[in-house]
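Trainee: Please take me through one part of this model in detail. I would like a close look at the ligand site, and then at what lies elsewhere in the chain.

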Amino acid sequence: MSGKVWLIGAGPGDPEMLTLKAVRAMAQADVVLIDDLVNPAVLEHCPTARVISVGKRGGCRSTPQDFIHRLMLRYASQGRRVARLKGGDPCIFGRGGEEADWLAAQGIECELVNGITAGLAAATQCGISVTLRGVSRGVTLVTAHTQDDSPLNWRGLVEGRTTLVVYMGVAKLADVRKGLLDGGMAACTPVAMIENASLPAQRECRSRLADMLDDARRIALKSPAILVIGEVVGAAQQAMLARTA
Ligand code: SAH
């Protein structure tokens, strides 16, 4: 019997945000490799599977990617069905593409299962619509953190005039702020910073581009957090005021 690997997006944290496809794949799995941003509550869907934690927060400092590759290969070659659970969506800053390519090169059957990505969930959980007729005609997902620390094309992002959703931004807030201000974004552009989106511990802070670093320090913003930057954040605030007036 030949094995198989599912690369599954487990959503932003709220276990109800799993897809039915994810639940079905988990139910078939013999082995589950779980990342640190995945809510362990989702494991109720695979009660008999062997669960291996491969995340930084799980135990060891970090599980090298190479080791994860080998684990997937070992179990799949034994004919096991492996569910690899990742936070959010596997292909949004989740290495899903890399792992799928690697498995394909090893001749292992692999299926990618979408999940709800944290950036989109974070906005929605705060009543922010990332696209909004007449306000924003697009949304751009970016990571503030790159392996080689190469800078983003901030000016290009500003000129694109889409809503910006920034992942892995907590440690890079100063760079994000400076990059966008230098790139020509208005200092008063509304910003929402959302920590632990969709979880009971969710915290949200509304700010402005110029003030976001001070505000983040004031509330001691911690990872995992998402930044939503753009006029849609202000529009959401106005809509809320209108509703409560
Ligand atoms: N594949 C994931 C992203 C992994 S990168 C996805 O699609 O969501 C890790 C980053 O995701 C974190 O640094 C943070 O910016 C964001 N993130 C993940 N879960 C989050 C949550 N519940 N709340 C806020 N941000 C989250």
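**Pocket, ligand and loops**

Mentor: Start with the second largest pocket: helix 5 (154–160) and helix 8 (231–244) each give at least two residues to its lining. Keep in mind that this is a predicted model. The space in this pocket comes to about 310 Å³. Its lining counts 16 residues, and those closest to the pocket centre are Arg161, Thr162, Met185, Gly230 and Glu231. Sorted by class, the lining holds 7 nonpolar, 6 polar and 3 charged residues.

Now the ligand. Its shell consists of 17 residues. Ile92, Thr117, Ala118, Ala197 and Ala225 are the closest of them. By class, the shell splits into 12 nonpolar, 4 polar and 1 charged.

Look next at the backbone around the ligand. Ile92 places a backbone N or O atom 2.7 Å from a ligand nitrogen. Ala197 has a polar backbone atom 2.8 Å from a nitrogen of the ligand. For Asn196, a backbone N or O atom lies 3.5 Å from a ligand nitrogen. The cut-off for a polar contact is within 3.5 Å. Taken alone, the ligand exposes 550 Å², and the protein buries 92% of that.

Go on to the loop between strand 4 (81–86) and helix 3 (96–105), where Phe93 sits. What does the aromatic count come to? It comes to 1 aromatic pair. The partners are Phe93 and Tyr167, and their arrangement is edge-to-face. The ring centres are 4.9 Å apart, with 65° between the planes. The angle counts as edge-to-face because it falls in the class over 60 degrees. Tyr167 belongs to strand 7 (residues 163–167). The two residues are 74 apart in the chain, so the pair links distant parts of it.

Stay in that loop for Arg95, which is also found between strand 4 and helix 3. Which sign does phi of Arg95 have, positive or negative? Phi is near 60°, a positive value in a residue other than glycine. Most residues other than glycine have a negative phi.

Finish at the loop between helix 7 (212–219) and strand 10 (225–229), which holds Pro224. Is the peptide bond from Ser223 to Pro224 cis or trans? That bond is cis, with omega near 5°. Most peptide bonds are trans. Ala225, one of the residues closest to the ligand, is where strand 10 begins.

Terms used:
Residues numbered from 1 in each chain as written. Predicted model: local features only at pLDDT ≥ 70, side-chain atom pairs only at ≥ 80, totals over all residues. Heavy atoms only, no water. Near = heavy atom within 4 Å. Polar contact = N/O pair within 3.5 Å; in protein donor to acceptor, adjacent residues only side chain to side chain. Areas by Shrake-Rupley, 256 points an atom, 1.4 Å probe, with all protein chains shown as cover. Nonpolar A, V, L, I, M, F, W, Y, C, P; charged D, E, K, R; others polar. 1 Å grid on protein atoms, 1.4 Å probe; cavity = no way out; pocket = protein on both sides within 12 Å on 5 of 7 lines; lining within 4 Å. Points joined across faces, edges and corners; volume = space filled by probe spheres on them. Helix = DSSP H or I, 4+ residues; strand = E, 2+ residues; numbered from the N terminus. Phe/Tyr/Trp six-rings, centres within 6.5 Å; stacked < 30°, edge-to-face > 60°.
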